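Work through these exercises with the model open. Try each task before reading its solution.

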Amino acid sequence: MIQSPKLSRRARWAIPAGALVVTGGVLAGTLISSAQAAPGLPARTAAQLLADVAESTPPPLTGTVVETASFGLPALPATGNPTSLSSLLTGSHTIRVWYASPGHFRLAAPQSLSESDVIRDGRTAWLWQSTLNKVTKYTLPANAPEKAVPQQPLTPQQAAKQVLAAVGPTTTVRVDSNVTVAGQAAYALVLAPKDARSLIGQVQIDVDGSNGVPLRLQVFARGASSPAFQVGYTDIHFVKPATADLNFTPPPGATVTQVNLSDHRGGNMDHATPGVTTSGSGWLTVLELPSSTLTPGAGGSSAGDSAAVLRTMLAAATPVHGTWGSGRLLRTSLVSVLMTDQGQTFVGAVQPSVLYAAAAAHPH
């Protein structure tokens with residue numbers, strides 16, 4: 001094993017609706033292609049693969065991504081929204097990808113009777129929700145980063161870069177046996193936290209052997225042989241998407257809302273909701289969600305969906321108390337959630353003791 005070099009890139013936290021999946025699945029499926037016999041590839045060191053993933057720009061591609069999550073949570077209320085907290089934390093989800101460049105791509109999340117699409121065309125981006133026949137048109141700032149569009153689904157490339165933002169002296173890195181993912185020979189880059197207070201045992205990033213594109217990311221709880229979270233391609237073709245697949249015109253009768261994001265300065269496009277704070281760093285990062293997250297209907301329908309999910313988790317949690325106060329704790333193999341009687345919610349892929357320390361350091 002080697003210690004990884006400290007990378008300059010830092011993860012930015014998403015909206016509260018994505019807090020658990022980012023913490024449990026990215027600080028860190030039966031439908032995803034199983035690894036086959038180890039293919040032959042030129043030898044690469046862990047440091048070389050880290051640099052490939054952190055700095056490379058994917059070539060044009062089309063493909064299908066499947067995300068699966070099995071955090072051991074109680075049955076959560078269905079919302080029908082593929083970007084809701086409930087959808088992100090449970091089951092299996094499919095994303096169709098058409099990628100020409102960081103500024104020109106389309107991501108579609110089909111459901112049984114609906115579809116949500118994110119389309120970016122330079123400084124214009126569209127979010128289409130077919131169930132509501134609702135379209136949001138975003139005007140982006142010049143040189144906006146790839147992850148600049150709100151409610152954008154997670155891809156293996158984005159997940160890998162967020163995980164690598166946590167790489168540093170607290171991480172051990174190694175290269176495991178080569179694997180085959182979606183018919184592509186890939187290197188297996190394995191990252192593991194040194195601190196036993198992290199619930200994550202290891203994160204495996206399977207990197208395409210030809211161009212350095214992350215094809216699959218898997219997060220394993222400590223001692224587990226199967227991943228609690230994974231996102232990866234089941235099908236991929238390194239070809240330029242057809243122009244028709246990247247174009248978008250609002251369908252007849254759709255409600256179109258325009259949002260101007262061009263006044264954001266310095267490329268800060270993380271869409272964080274005010275009140276969400278973090279403590280700790282790397283694998284031991286803890287998110288504190290605002291008390292309004294648990295208020296029915298606060299912040300609109302998506303926040304209301306998240307509140308319903310959090311209330312379901314609260315009902316399944318165990319009463320706890322300490323010098324920090326009292327509340328309820330929900331613990332799974334990969335995620336811990338502490339909801340205090342003072343209305344605070346702390347989330348992390350960490351031992352409960354880390355959440356207790358965060359609660360003590362941030363009294364309400």
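The exercises below cover confidence, backbone angles and aromatic pairs.

This is a predicted model: local features need pLDDT of at least 70, side-chain atom pairs count only at pLDDT 80 or more, and totals for chains, interfaces and linings use all residues. Residues are numbered from 1 along each chain as its sequence is written, and side-chain values use heavy atoms, with hydrogens and water left out.

**Exercise 1. Find what the mean pLDDT of the protein chain is, and where pLDDT stays under 50.**

Solution. pLDDT is the predictor's confidence in each residue, from 0 to 100. Start with the chain: its mean pLDDT is 78. Of its residues, 73% reach 70 or more. Next, look at residues 1–35, where pLDDT stays under 50. The model has 119 contacts (heavy atoms within 4.5 Å) for them beyond four places in sequence. Residues 266–272 also have pLDDT below 50. This stretch has 19 contacts beyond near neighbours in sequence.

**Exercise 2. Place Asn 133 and Ala 182, and decide for each: buried or exposed, or partly exposed?**

Solution. Helices (H or I, at least four residues) and strands (E, at least two) are DSSP runs, numbered from the N terminus. Asn 133 sits in the loop from β6 (124–129) to β7 (134–139). Its phi is near 50°, positive in a residue other than glycine. Ala 182 sits in the loop between β8 (171–181) and β9 (184–193). Ala 182 is not a glycine either, yet has a positive phi of about 50°.

Now the accessibility. Buried means under 20% relative accessible area, exposed over 50%, partly exposed in between (1.4 Å probe, protein chains only). Asn 133 has 24%, so it is partly exposed. Ala 182 has 13%, so it is buried.

**Exercise 3. Count the aromatic pairs in the whole structure, then classify Trp 126 with Phe 248 and Trp 324 with Tyr 356.**

Solution. Rings of Phe, Tyr and Trp (its six-membered ring) pair if their centres lie within 6.5 Å; planes under 30 degrees apart are stacked, over 60 edge-to-face, the rest tilted. The search finds 4 aromatic pairs. For Trp 126 and Phe 248, the centres are 5.4 Å apart and the planes at 55°, so this pair is tilted. Trp 126 lies in strand β6 and Phe 248 in the loop between α5 (243–246) and β13 (255–260), so the pair ties together parts 122 residues apart in sequence. Both Trp 126 and Phe 248 are buried.

Trp 324 and Tyr 356 are stacked: 5.3 Å centre to centre, 10° between the planes. Trp 324 is in the loop between β16 (318–322) and β17 (325–331), and Tyr 356 is in helix α7 (residues 352–361), 32 residues apart. Trp 324 is buried at 12%, whereas Tyr 356 is partly exposed at 23%.
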